[in-house]
Amino acid sequence: MVNTQRILENFKALVALDSPSLDERLVCEWLKNYLASLGIEATEDNAGESINGTTGNLYAYVDGDIDAEPLLFSSHMDTVEPSHGKQAIIHEDGTITSDGTTVLGSDDLAGVVAILEGLTQIKEQGLSHRPLEIIFSVCEESHCGGITYFDYDKLQAKQAYVFDMDGDVGTAASSAPTILTYKVKFHGKAAHAGFDAANGVHAIKAAAKAVTLIPCGNIEEGVTANVGIISGGKATNVVPDLCQITGEIRCFNPDKVEEKLNEVLTICRTCAEEIGATVEETHEVAVSAFSTPDDTKVVQRFKACCAAMGLSGDTYPTFGGSDNNVLAQHGVSGIVVATAMNDCHSVKEYTSVDGLTAAAEMALNLMLTKD
């Protein structure tokens with residue numbers, strides 16, 4: 001029921017457009033024109049102004065002839081770096097990659113083309129369908145920065161399918177954690193490293209000791225942690241008076257996030273105090289956890305579509321954040337649908353002809369459901 005050739009042409013066209021986070025203008029304009037060709041009016045919001053980007057979220061409402069609540073379909077326009085000059089290369093075995101110097105951008109352009117093909121089939125064939133709402137968001141890769149500023153007063157749907165998950169089509173993520181990020185600045189005292197080192201307070205040493213003690217990786221069931229950035233120092237002959245570490249904590253239990261943060265901060269304070277340094281701490285919750293039970297309608301509908309397509313319909317937790325985390329905070333029950341993208345956030349990223357086709361079939365089948 002879908003047009004594979006058109007899916008590939010749309011995918012290649014979108015991949016060829018540079019769309020790093022905070023500068024999705026080219027993709028946004030392409031999508032506006034494509035939707036207009038289907039007779040669908042898409043409006044851009046002011047999220048770009050709020051996040052210092054060039055582009056806002058793109059929203060469209062498609063009226064239906066089935067008396068049912070609207071369903072929301074969403075994916076994001078931005079890609080991670082390195083992304084400039086990317087091209088989709090279709091290999092003889094059906095695998096699709098970049099040239100190896102950039103990401104491919106199937107995260108999340110695979111989701112975009114799946115939704116577009118579903119809408120195109122509906123319009124071309126005059127298929128009966130329920131009301132649909134579409135959001136193509138910006139800056140998702142920066143902790144869902146774009147959809148955070150969407151005007152939820154205009155949204156009617158209470159159920160969502162976010163096409164933004166790696167893995168085989170026919171699977172979906174039904175829960176994801178709270179993601180908390182933190183920065184700790186270690187303040188020491190500068191001194192000449194050759195003549196007066198004894199009077200200095202070595203900020204990097206305090207930070208380095210803290211990093212060795214802060215648990216990283218899968219630290220317990222449902223909790224991961226990481227220190228991802230450490231920076232400090234001015235010159236080799238200066239005892240450094242400042243060093244900053246930046247890290248994150250991911251946890252499915254929101255009540256435990258603060259507990260784990262306090263453990264990190266206690267380590268940092270102790271290591272600083274041992275050498276006479278001080279610390280300055282900041283943190284924020286990037287996204288909040290969501291959990292959509294298997295017995296909810298949005299999951300049951302997905303599983304029914306998978307069964308009809310001969311797919312597993314498996315749902316599982318993911319440690320990755322997505323726009324669905326934000327939607328859940330606004331009363332929208334949703335899951336994150338797999339679109340056959342793999343090795344995302346690396347230059348080895350790939351998808352396939354069959355995978356893109358199956359993702360589009362999934363989008364269309366969900367759009368045509370009556371219950």
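A helix here is a DSSP run of H or I at least four residues long, and helices are numbered from the N terminus. Keep that in mind as you work through this predicted model.

**Exercise 1. Check the length of helix α7 (residues 297–309) against the expected span, then say what phi Gly310 takes just after the helix.**

Step 1. Helix α7 has 13 residues, and at 1.5 Å a residue they should span 18 Å. The expected span is 1.5 Å times one less than the number of residues.

Step 2. The end C-alpha atoms of α7 are 18 Å apart, which agrees with that expectation.

Step 3. Now step past the end of α7: Gly310 has a positive phi of about 75 degrees.

**Exercise 2. Find which residues of α7 are buried, and work out how they are arranged around the axis.**

Step 1. Use the cut-off for buried, under 20% relative accessible area. Val298, Val299, Arg301, Phe302, Cys305 and Cys306 are the buried residues of α7.

Step 2. These residues cover an arc of only 160 degrees around the axis, so they sit on the same side of α7.

Step 3. A general rule helps here: an α-helix has 3.6 residues a turn, so residues three or four places apart point the same way.

Step 4. Turn to the other side of α7, where Ala307 and Ala308 are exposed.

Step 5. Look for what covers the buried residues of α7: the cover includes β3 (71–76), β7 (159–166), β8 (171–176), β17 (314–317), β18 (333–341) and α9 (353–367).

**Exercise 3. Put the strands of the five-stranded open sheet in order and identify its edges.**

Step 1. The order is β11-β12-β14-β9-β15, with antiparallel pairing.

Step 2. β11 (217–220) and β15 (278–287) each have a single partner strand, so one side of each lacks a neighbour in the sheet and these two are the edges.

Step 3. On average, neighbouring strands of this sheet are turned by 25 degrees against each other, direction ignored.

Step 4. Follow the pairs: β11 and β12 share three bridges, and Gly217 faces Ala225 in β12. These two strands form a hairpin with two residues between them, and Gly222 in the turn has a positive phi of about 80 degrees. β12 and β14 pair over nine bridges, with Thr224 opposite Arg250 in β14.

**Exercise 4. Which helices lie on this sheet, and which strands do they meet?**

Step 1. Helix α5 (residues 203–213) lies across β9, β12 (223–232) and β14 (242–251), running at about 20 degrees to β14.

Step 2. Helix α6 (residues 254–275) packs on the sheet and touches β9, β11, β12, β14 and β15; its direction makes about 15 degrees with that of β9.

Terms used:
Residues are numbered from 1 along each chain as its sequence is written. This is a predicted model: local features need pLDDT of at least 70, side-chain atom pairs count only at pLDDT 80 or more; totals for chains, interfaces and linings use all residues. Side-chain values use heavy atoms; hydrogens and water are left out. Buried means under 20% relative accessible area, exposed over 50%, partly exposed in between (1.4 Å probe, protein chains only). The arc is that of the directions from the helix axis to the C-beta atoms. Contact means heavy atoms within 4.5 Å. Two strands pair if DSSP finds at least two bridges between them. Axes are lines fitted to C-alpha atoms, for helices over the stretch in contact, and angles run from 0 to 180 degrees between N-to-C directions.
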